[in-house]
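Colleague: Before I use any of the words in your description, I would like to hear what stands behind each of them. Could you take me through them one at a time?

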Amino acid sequence: MTMGEMGDPVQLKEEGNKHFQAGEIDQAIECYTKAIKICKDKKAQAVIYRNRSACFLKKENFSGAASDASRAIDVDASDIKALYRRCQALEKLGKLDMAFKDVQRCATLEPKNKTFLETLRRLGAEIQQKLKTTFSTDSRVQSMFDILLSEEEDKEKKEKAANNLIVLAREDAGSERIFQNNGIALLMQLIETGKVEMILAAIRTLSGMCTGHRARATAIIHMIGINKLCSIMGMDNEEIALATCNLFQCVYESLCGADSRIYGKEEALVLDSSKDLKTILLALLEMIGSKNVSGYGRDQALNLLTKNVPRKDKKDPDHSKSLFTIDHGLRKILKVCGQVPDLPDQLPMTENTQLIASVLLNKLYDDLRCDPERDNYRDICDEYIKSKFDPNNMDKNIHAINALSGLLQGPFDVGNILVGRQGVMEMMVALCASEREVDQLVAIEAIIHGSTKMSRASFIISNGVSLLKDIYKKTKNEKIKIRALVGLCKLGSAGGDDYSMRQFAEGSTEKLAKQCRKWLCNPTLDVRTRKWAIEGLAYLTSDADVKDDFVEDEPAMRAMFELAKSRDKTILYAVACTLVNCTNSYDKKEIIPEMVQLAKFSKQHVPEQHPKDKKDFIQRRVKRLLKAGVISALAVMVKADSSILTDQTKEMLARVFLALAEDPVDRGTIVAQGGGKALIPLATEGTDQGKIKASHALAKIAAISNPEIAFPSERVYEVVRPLVSLLSTERDGLQNFEALRGLTNLAAMNDKLRVKILKEKALPEIENYMFEEHDQIRQAATECMCNLVCCKEVQDRYLEDGNDKLKLLVLLCSEDDEDLQIAAAGALAMLTAAQKKLSVKMTKVTEQWLEILQRLCLHDNPQIQHRGLVTVFNMLDADEELAKKLIESELLEILSYVAKKEDNPMIQAGIDAARACLSKAMDLGLIKPFTQ
């Protein structure tokens, strides 16, 4: 290889310098890097390192800049450029004392250099301030701990100290001072007091200290111990369990790379967190099956696994955490699902534990990538359930059937296969015939969960309907009766909303629903039993007669909404199903008349719509739900824990909100009861369909409500992204239109919101819709643009050459639609007022500009006329040649005609604008004042 092919270091350095001067930093770095590799001369290499250091400073790679400058200084200790560059980099890395030493050396070498002296003064002041803050923070930290650990201080003072400590820990500097001042040992002392408020203060402080700092999070879990943290989370206190769960989440995220700090040489010490992550995972799996853990602690351990084990993105090839969890914890999760609270010696649980476990089972199964992995999952489940079957021990049998129920509520396909195994259905039938109440309860619940899919329902109809009817008639136990009824409800609704596919005789479903409503309204029954009444209605309300009866029964609706607000969140899915059915907000297949005729001819089944599923009936049901207080219930449901509020449930809630917001008259009620705020999380999390539906509901509300009331304080900024997501060709015209109207309303509020809309890259989409053929969409886009043109970024786009943006705006002023004209002329008036160059450019984009302007100034609509006259004034003010051209045209006559009109409040703005135009023309000497 010749020297030319290898590259000459001097030549490469010169090329790098040229790229640097041209602002091409990446190319400059590439040249310098190549030059460093082949340069043999130490002094020449030091200069190249110094130059690359300057590039790294530009790219904000401060650790790289400091490292390269150090290499240059190693060769020449008095290299003033390298010293100053290292000083700049170290300052950005927060190492002020080291930066100060470098600039001090620079000032010694060049004592008259003003830049060095100014930097020296500034860094000196910053170091003094930092020392002052550090000393004051240290004393504050110590005093807070003194107050908290004192036996004598009053409760109010302790609460204030605890809150101050938590706030301090949220700032990096504060966290570091707590950590350096023996804070972890003192926080452990707070935990050891055993007082709830002290434990909460300590845990929340630790959460702040661990957030986004991998090194500190690693040190803290090693100092306290993961098992100790698990034992705290396992305490029988809901607040402590939740706070410790949050601490684990902060630690987990920091160890997984949420920390964006540049550690330099220390990075190697904290880089590999895999061992700690594995230890946390094993500790959480151990918690799940431990009898020493409270129900709250078990829920939070399951929540942490649900949130952190399955992949967030299915494109990510690494699902090793799921495989590890299945191998080491699947049996433990099944053990939780199999618990029967009515039996002695069971694991402590809350009302929500088993549903959270089912959700985790489902997410783990969904995360598997191939059939052998799924077969392994099924085999572990099959082996676990088989191991529990024992003809001599009924308790073990119902544990197995309950675990099967957990699978049927989670990965249904796995549960479905296991239900079909020989002996399982027979066991369910035998348990139904048992004399023990608990056996019957478990078996009936398993049958209910097993009949979710219609194919399975047809099997159970032939085997289980008579059995459930028999139990329903014979039992006097309300708990068993209601579950048997729900089983019948579920089997009775197998045809969905297809009127011709009813499973039971005419009127039977209404009778079942009436009994469900009766139980629902019975306050003497426990929540768990009344929950099953809602489960029944969730299935039966696919029948339109049942929906109509239910919404007429206001006490039943109110009872359901109150239960939806209760601590038992396992009810959410059933409530969401019932509301989706009542509002008909599920997806409906379009029935094409030609296809119906074809199906009839070929003797195929044709779905039929119930008369009460027509639009006017649906609207009436929506009004009844709103009157009964559905919005406040939905607002509470949205706040539920993410493990129980599954993506599917979120989608259903979004569908309900969209149906409720259909009539503009009802949107005020939705806003007043907190519906606007509740929609924001539904529009940003969940299934794609769910997010679209929630965003559309938000658009409907934002389009006609006062955004400050609908989305108070900072929440209004969170609405922008969901609305912008609807500006896509994949969305339908109505969604585009209502999103544009919503954005128009937001853009009218303030500059901060307008900037937010632009940051979300909405501008190109809005511009595209201004070319839309559909009149209403084009008008909405133009109105939105009218509210955005006061932004400098938008004005700059109109100033750019090579596009038709300004031409389009001028031509839109000539359209027949008055609302469109008002928006386009308003945008034109504001643009020409803000940018004088646009007044001149306007005359070049189309030959019709003068004719269009004259028509605006003569328009019958005072708003359009006023906007036209303001545009004329802006043009007169922008350029003398243009002003002369305008005054020499028929515009002078039009201005004189309007200006001479008598004062009239209805058209005064236009008259004043015309007079201002004539006054401007006189100032320019283009016309003379009239004298007699």
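**What stands behind the words**

Modeller: Let me begin with confidence, since this is a predicted model: the protein chain has an average pLDDT of 85, and 90% of its residues score at least 70. Over residues 1-6, however, the pLDDT is below 50, and this stretch has 4 contacts in the model beyond near neighbours in sequence. Residues 495-503 also stay under 50 in pLDDT, and for them the model has 29 contacts beyond four places in sequence.

Colleague: How many helices and strands does the protein chain have, and what share of its residues counts as buried?

Modeller: The protein chain has 55 helices and 0 strands, and of its 932 residues 53% count as buried. Its C-alpha atoms fill a box of roughly 105 × 80 × 75 Å, taken along the principal axes. If we take the contacts with a separation of 6 or more, 68% of them are between residues 24 or more positions apart.

Colleague: Why is T119 called buried?

Modeller: The word buried is kept for residues under 20% relative accessible area, and T119 has a value of 4%, so T119 is buried. This residue lies in helix α8, which runs over residues 114-149, and, leaving aside neighbours within four places in sequence, T119 is in contact with Y84, C87 and V103.

Colleague: What makes D345 count as exposed?

Modeller: Here the cut-off is over 50%, and D345 has a relative accessibility of 62%, so D345 counts as exposed. D345 sits in the loop between α19 (320-338) and α20 (353-366), and its phi is near 60°, a positive value in a residue other than glycine.

Colleague: N584 also lies in a loop, the one between α32 (572-583) and α33 (593-601), so is N584 buried or exposed, and why?

Modeller: The relative accessibility of N584 is 5%, which is under the 20% limit, and therefore N584 counts as buried. N584 has a positive phi of about 50° although it is not a glycine.

Colleague: Why is E772 described as partly exposed?

Modeller: That term covers what is neither under 20% nor over 50%, and because E772 has 28% relative accessibility, it counts as partly exposed. E772 is placed in the loop between α45 (763-769) and α46 (775-788), and its contacts, leaving aside neighbours within four places in sequence, are with I777 and R778. E772 and L537 are 235 residues apart in sequence, and their C-alpha atoms are 45 Å apart in space.

Colleague: Which residues does Y472 touch, not counting those up to four places away in sequence?

Modeller: Y472 touches K481, A484, L485, L488, Q515 and W519, and a contact requires heavy atoms within 4.5 Å. The place of Y472 is in helix α26, residues 454-474. The C-alpha atoms of Y472 and S542, which are 70 residues apart along the chain, are separated by 22 Å.

Colleague: Which residues touch the most other members of the largest nonpolar core?

Modeller: That core has 262 residues, and those that touch the most other members are Y377, L520, L634, F657, I766 and Y798. To take one of them, F657 touches I631, L634, V638, I670, G675, A678, L679, L682 and A697, again not counting residues up to four places away in sequence. Apart from the largest core lies another, of 34 residues, among them A65, L96, V103 and A107.

Colleague: How do you know what kind of residues line the second largest cavity?

Modeller: The lining consists of Y252, L281, L284, L304, L305, N308 and V309. Tyr, Leu and Val count as nonpolar, whereas Asn falls among the polar residues, so the lining has 6 nonpolar, 1 polar and no charged residues.

Colleague: What share of that lining does α18 supply, and how much space lies in the cavity?

Modeller: α18 gives the largest share, 3 residues, while α17 (274-288) and α18 (295-308) each supply at least two. About 40 Å³ of space lies in this cavity, and a search of the whole structure finds 2 cavities of 30 Å³ or more.

Terms used: Residues are numbered from 1 along each chain as its sequence is written. This is a predicted model: local features need pLDDT of at least 70, side-chain atom pairs count only at pLDDT 80 or more; totals for chains, interfaces and linings use all residues. Side-chain values use heavy atoms; hydrogens and water are left out. A nonpolar core is a set of buried Ala, Val, Leu, Ile, Met, Phe, Trp, Tyr and Cys residues joined through side-chain atoms within 4.5 Å. Buried means under 20% relative accessible area, exposed over 50%, partly exposed in between (1.4 Å probe, protein chains only). On a 1 Å grid over the protein atoms alone, a cavity is a set of points where a 1.4 Å probe fits but cannot get out, and a pocket is an open set with protein on both sides within 12 Å along at least five of seven lines; lining residues have an atom within 4 Å of a point. Grid points are joined across faces, edges and corners, and a volume is the space filled by probe spheres set on the points. Helices (H or I, at least four residues) and strands (E, at least two) are DSSP runs, numbered from the N terminus. pLDDT is the predictor's confidence in each residue, from 0 to 100.
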